[in-house]
Each structure stands twice: as structure tokens, then as C-alpha cells.
Amino acid sequence: MATAARRLLLPALRKSLPAANGAARGVSTERAVGAAAVVGSHTAKWMQDTSKKSPMELINAVPPIKVEGRIAACDGRQDKGRETGSLGHPIEYICLDLDQPAVCKYCGLRFVQDHHH
């Protein structure tokens, strides 16, 4: 199905795009346009299912993690007590000087400073 959609979509997109100084378009342009069409249709299909929570809803359900000190180190693994099989993401050091929870830019986990006074 995706191949048939690409065959119909590519000629129409080629006609609508202006030529770059008369140069012929390469194969990489065709692949990029075809990949964008597949990703767009996949995302639309995924968004139709309203019975499941979105990734942002799932990550927002996790309460902010309390950290002693001013800096949190996040590597994407929620189970810090033991080594897990998941690789997580590159380590991100997050400053916790603000009053609201700080958010990891990779996984969306939130961190707050645990005040002891």
C-alpha cells in the first residue's frame, strides 16, 4: 500500500516543487519525500486510536523525582537501583535551582530539589 501511495504521490510533488536552477533532482529527494509520506500516514493512523494514552500523557503520569542537591543526572532509566537492559539516552545534567520541576530534554522525566529544612 505504501509503495502504491508513493508512486501516486511522487509525480504530483515533483510538479509542484520548483526546479533548483534547472538541475535534476536526485534519488535522495525521492526517498525523503516517500519517507515523509509513510511517516505522515503512520502518525495519522497511530493518532486515531484514542483508547491508549499518548507518550506525553504517560510521562506526565510519573511524579517528579526528588533529588538531594542542586544537580540531577538523568540517563533515561527509571530504575536506578540496578543495571537494566535498556540503554536509556545520553546522560543529561539538569540544574534544579528553579521552583518548578526541571524536565529532561531527552525523556521528559521531571526532577525537583528535595529540601530538608
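**Exercise 1. In this predicted model, find which residues Phe111 touches, not counting residues up to four places away in sequence.**

Step 1. Start at Phe111 and skip its sequence neighbours up to four places away.
Step 2. List what remains: Phe111 touches Ile65, Val67, Ala72, Cys74, Ile94, Leu96, Pro101, Ala102 and Cys104.
Step 3. Now look at the largest nonpolar core, which has ten residues. Phe111 belongs to this core, along with Ile59, Val67, Ala72, Cys74, Ile94, Leu96, Ala102, Cys104 and Leu109.
Step 4. A general idea helps here: in soluble globular proteins, nonpolar side chains tend to be buried together.

**Exercise 2. Place Cys104: where does it lie, and is it buried or exposed?**

Step 1. Find strand E4 (102-103) and strand E5 (110-113); Cys104 lies in the loop between them.
Step 2. Check the accessibility: Cys104 has a relative value of 3%, so it counts as buried.
Step 3. Look for partners beyond four places in sequence: Cys104 is in contact with Cys74, His89, Glu92, Ile94, Leu109 and Phe111.
Step 4. Take one of these, Ile94: it is ten residues from Cys104 in sequence, and their C-alpha atoms are 7.1 Å apart.

**Exercise 3. Work out how many disulfides the model has.**

Step 1. Recall that a disulfide is a covalent bond between the sulfur atoms of two cysteines. The cut-off for the sulfur pair is within 2.5 Å.
Step 2. Try Cys74: the nearest cysteine sulfur is that of Cys107, 3.6 Å away. Because a disulfide needs sulfurs within 2.5 Å, Cys74 is in no disulfide.
Step 3. Cys107 is in no disulfide either.
Step 4. The count comes to zero disulfides.
Step 5. Compare the surroundings: Cys74 is buried, at 0% relative accessible area, whereas Cys107 is partly exposed, at 23%.

How values were computed. Residues are numbered from 1 along each chain as its sequence is written. This is a predicted model: local features need pLDDT of at least 70, side-chain atom pairs count only at pLDDT 80 or more; totals for chains, interfaces and linings use all residues. Side-chain values use heavy atoms; hydrogens and water are left out. Buried means under 20% relative accessible area, exposed over 50%, partly exposed in between (1.4 Å probe, protein chains only). A nonpolar core is a set of buried Ala, Val, Leu, Ile, Met, Phe, Trp, Tyr and Cys residues joined through side-chain atoms within 4.5 Å. Contact means heavy atoms within 4.5 Å. Helices (H or I, at least four residues) and strands (E, at least two) are DSSP runs, numbered from the N terminus.
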